[in-house]
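Hi everyone, thanks for coming. Let me put a structure up on the screen, and then we'll walk through it together.

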Amino acid sequence: MRVGELFAGVGGLGRAVSEVFDAEPAWFAEFDAAPSKVLAHHYPDIPNYGDVTTLIDPPKVNILAGGFPCQDVS
């Protein structure tokens, strides 16, 4: 199984989903520079598509995970 993660942050939700469902990350969508560097370090071969508002027709996945982008309500 493959997982796509929206609002990925550093990939914590996707990692948990991957563990529970024995799945592999397929791609991320995270625009912030700091967490994107963490994703690139831990997943150098997994694409990060950046801003979800520009994400068009990403590769198909079995599981779509998404963390709430809470900066404005934190």
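Let's start with one residue: in which helix does Ser18 lie? Ser18 belongs to helix H1, which covers residues 12-21. Before I go on, please keep in mind that what you see is a predicted model.

So, is Ser18 buried or exposed? Its relative accessible area is 12%, and the cut-off for buried is under 20%, so Ser18 counts as buried. And what does Ser18 touch, once we leave aside residues up to four places away in sequence? The answer is Val3, Ala23, Glu24 and Pro25.

Now let's zoom out to the whole chain. There are two helices and three strands, and reading from the N terminus the order is β-α-β-α-β. The radius of gyration is 11 Å, close to the 11 Å that the globule rule gives for 74 residues, so the chain is as compact as a globular protein of that length. If you like to think in boxes, the C-alpha atoms fill one of roughly 30 × 25 × 20 Å along the principal axes. Of the 74 residues, 30% count as buried. Looking at contacts with a separation of 6 or more, 46% come from residues 24 or more positions apart. As for the outside, the chain exposes about 5000 Å², with carbon and sulfur atoms supplying 59% of that area.

Next, strand S1, residues 2-6. Four of its five residues are buried, so S1 is largely enclosed by the rest of the structure. Its partner is strand S2, residues 24-29: the two run parallel and are joined by five bridges. To pick out one pairing, Leu6 has Ala29 as its bridge partner in S2.

Two loop residues are worth pointing at. Phe7 sits in the loop between S1 and H1, and Asp22 sits in the loop between H1 and S2. Phe7 has a positive phi of about 50° without being a glycine, and for Asp22, also not a glycine, phi is positive at about 50°. How accessible are they? Phe7 is partly exposed, at 36% relative accessibility, while Asp22 is exposed, at 67%.

Last stop, the surface. Which residues make up a nonpolar patch there? They are Met1, Val20 and Phe21, and together they have about 340 Å² of accessible area. Met1 comes from the segment before strand S1.

That's my tour; I'm happy to go back to any part of it.

Definitions and conventions
Residues are numbered from 1 along each chain as its sequence is written. This is a predicted model: local features need pLDDT of at least 70, side-chain atom pairs count only at pLDDT 80 or more; totals for chains, interfaces and linings use all residues. Side-chain values use heavy atoms; hydrogens and water are left out. Patches are made of residues with over 30% relative accessible area and no salt bridge: like charges are joined within 9 Å, nonpolar side chains (Val, Leu, Ile, Met, Phe, Trp, Tyr) within 5 Å. Accessible areas come from the Shrake-Rupley method with a 1.4 Å probe; for residues, only the protein chains shown count as cover. A salt bridge is a side-chain nitrogen of Lys or Arg within 4 Å of a carboxyl oxygen of Asp or Glu. The radius of gyration is taken over C-alpha atoms; the globule rule is 2.2 Å times the number of residues to the power 0.38. Buried means under 20% relative accessible area, exposed over 50%, partly exposed in between (1.4 Å probe, protein chains only). Contact means heavy atoms within 4.5 Å. Two strands pair if DSSP finds at least two bridges between them.
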